[in-house]
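Please examine the structure shown below, with attention to its strands and the way they pair.

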Amino acid sequence: MSHMKSKMLKKIFLMVFIVSAVMAFTISAVSASSEKIVNGNGYTHISSENKYYTLQTKDFFKVDGYYNHAGDEYYSLKLKKSIKNTYKINSMKIRYAHYKNGGIKETKDITIKSKDKSSILIKIPNRDFDYYAILSSQVNFQKNGKNGSIKLLDPNDDTWVTNTLYNGKYAKIFTSEKGYSHDNLKGQGRFPITTYNKIKINTKSSKYKLKYVQVNYVQSVSGDIVPFIFKGHGKTTMTINTPAKYLQFSPWDFRIIYY
């Protein structure tokens with residue numbers, strides 16, 4: 001009799017345990033959710049200058065998973081105010097390469113005239129597996145009424161900004177990075193230095209409150225990826241200032257756990 005009773009108690013206990021486990025899982029599924037966010041749109045803005053002009057490049061791109069799709073690029077050259085009365089830009093001659101499916105399809109020379117005699121704007125439409133790259137450029141100008149020309153060389157130093165807006169199912173994430181680059185090898189390679197890295201997260205509804213945010217940072221040179229977890233404290237918006245030890249790493253992807 002006691003053996004049967006013990007057997008029944010074990011059976012009842014097992015049923016209660018199963019029901020409790022199912023309820024706990026259901027409650028957990030209802031009260032919390034998570035998502036991985038890896039898609040977005042962004043641009044990189046690079047600026048450099050010498051004693052005559054400032055040169056700016058703006059490159060638009062789309063992040064799809066872990067792949068960046070190339071977008072349009074804009075190149076802008078502007079004379080400095082101190083020499084506008086002395087120099088007048090007539091045109092810029094550029095040689096570019098048209099790449100397609102991993103190889104050079106053609107190289108071409110084009111000349112673009114300046115409209116205001118103090119600046120030049122070039123738009124280069126880039127697409128995946130079909131993009132353009134400037135190989136060399138030459139500015140034709142007038143100095144005190146006399147014609148001249150100068151070849152543009154890649155600067156040793158520049159400053160840059162990269163902004164990206166990621167769009168998830170429950171939240172949007174805006175990343176902002178700033179820094180500078182210095183070419184120690186004189187044309188053989190630039191080394192980007194990040195001085196500012198901030199991440200802002202906003203949930204799309206007050207129903208989703210931030211519990212934890214995991215940012216996976218990637219080192220652009222080595223490719224090393226390191227995770228860092230931040231507490232959300234139940235807020236619907238939060239700003240993350242990247243820890244100093246990860247300042248040279250860029251945000252790679254995000255995983256958010258909600259209450």
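In what order do the 4 strands of the open sheet stand, and is their pairing parallel or antiparallel? In this predicted model, the order is E1-E16-E13-E14, and the pairing is antiparallel. Strand E1, residues 33–37, and strand E14, residues 225–231, form the edges of the sheet, each pairing on one side only. When direction is ignored, neighbouring strands in this sheet are turned against each other by 20° on average.

The edge strand E1 can be followed to its partner. E1 pairs with strand E16, which covers residues 249–258, in the antiparallel sense, and 5 bridges join the two. A single pair of residues illustrates this: Ser33 has Tyr258 in E16 as its bridge partner.

A further open sheet consists of 8 strands, arranged in the order E7-E4-E3-E2-E10-E11-E12-E15 with antiparallel pairing. Why is one side of strand E7 and of strand E15 left without a neighbour in the sheet? Strand E7 (119–124) and strand E15 (237–241) stand at the edges and have a single partner strand each, so one side of each lacks a neighbour in the sheet. Neighbouring strands here are turned by 15° against each other on average, again with direction ignored.

The partner of the edge strand E15 is found in the order of this sheet, where E12 stands beside E15. Strand E12 spans residues 191–203, and its antiparallel pairing with E15 extends over 5 bridges. Within this pairing, Lys200 has Thr239 of E15 as its bridge partner.

Technical notes
Residues are numbered from 1 along each chain as its sequence is written. This is a predicted model: local features need pLDDT of at least 70, side-chain atom pairs count only at pLDDT 80 or more; totals for chains, interfaces and linings use all residues. Side-chain values use heavy atoms; hydrogens and water are left out. Two strands pair if DSSP finds at least two bridges between them. Axes are lines fitted to C-alpha atoms, for helices over the stretch in contact, and angles run from 0 to 180 degrees between N-to-C directions.
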